[in-house]
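Here are a few questions to work through with the model open in your viewer. Take a look first, then read on.

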Amino acid sequence: MKIFRLILFFLHIGIGVLLLGTLLNAYVPPKIFPWVNLLSLGFPVLIIAYVLLTLFWIFSWKKRAVIFVILGLALITPAKRWVNYSSTPKESSNLKLVTFNVKGGNAGKTNIENYINSQNADVVMFEEDGMKEFDFKGLKGGKKMQNVSLYTKHTIIDQKDLIIGDYEWFNAYAQQTDLEIRGKRYRFVVVYLQPFKFEKSMIKLYGNNSGEDEEKVKNILKRLIPTFKAHQEQVEIIRKAIDDSPYPVFVAGDFNSVPNSYEYYHLLEGLKDPFLEIGKGSGTSFHDYKFPIRIDYIFTSKNIKPISYQVDRTVDLSDHFPVIGTFRLDH
């Protein structure tokens, strides 16, 4: 029994070190050391294992439980970026934003239009829109750009393409739109970072000794590492649009990156993640794999007050769920 507990103790320490390693993504760029960013992908599994082991030490009445509880305090905020439970503000909202990766509009133009019309949103931001021309009630579209688009009730002052991919090889897109809302201007940046382009068959391991699993893992890493490095360049472009904005900013879309990743930390810099303030339940938005992940976000300037944040899992129009936020804009 002592040997078993000793093994668990060192395993627990190792998991704790890996979890704390995800915090380095705020400082270590993928071009310098991309392996740290890999840890963010495993965060949910690692944190569950960490909590279970901590409970084991608590129920075993071991003093080491105190150490692991204290260490776990540093992981509360990273964990809340995945799952959070917060109280609802009592103020009313005056802006509703929907961001949605519609997977090329494969669910059908009419179905998507009916869903968006039912939301009565002020601003709608699409990723992977398939260059479809949607017709929404009370919403007008801006300048068309392959793969991302914005529709709004408000006046479009200016638009600028930030990242233009060629779809086949370099599949990342971003566009900024300056809107006038009740006499004040805001900048909306819709983001679609480079996808990893994984098919389910590529990541399904067989658990045998034929060497197929090893080859699959190598192929996965061959896609992950270059994509992490490409994301770093894309994030730098988007950051400039944020930092140069003379107006309050909304950044939303499909980041193709999980919480606590390099992309998350650096796109969030100077902004806030409303899910951390008013989110309830799981923030996961991509459900095509057995293990759902959070890769769709809404970030805002710190002076914008979030009222609600919802991942709408009632609709099945894409391999992503829509992310819906309401906000209070004070004028």
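Q: How many bridges join β13 to strand β14?
A: This is a predicted model, where local features need pLDDT of at least 70, side-chain atom pairs count only at pLDDT 80 or more, and totals for chains, interfaces and linings use all residues. Residues are numbered from 1 along each chain as its sequence is written, and side-chain values use heavy atoms, leaving out hydrogens and water. Strands here are DSSP runs (E, at least two residues; helices are H or I, at least four), numbered from the N terminus, and two of them pair if DSSP finds at least two bridges between them. β13 and β14 (residues 323-328) run antiparallel, and the number of bridges joining them is six.

Q: Which residue of β14 is the bridge partner of Y309?
A: Y309 lies in β13 (305-311), an edge strand that pairs on one side only. Its bridge partner in β14 is G325.

Q: Which residue forms a salt bridge with K109?
A: A salt bridge is a side-chain nitrogen of Lys or Arg within 4 Å of a carboxyl oxygen of Asp or Glu. Here the closest N and O atoms are 2.7 Å apart. The two residues are four apart in helix α6 (residues 109-119), so about one helical turn separates them. The partner of K109 is E113.

Q: How many salt bridges does a search of the whole structure find?
A: Side chains of opposite charge can pair when their charged atoms come close. Searching the whole structure for such salt bridges gives a total of twelve.
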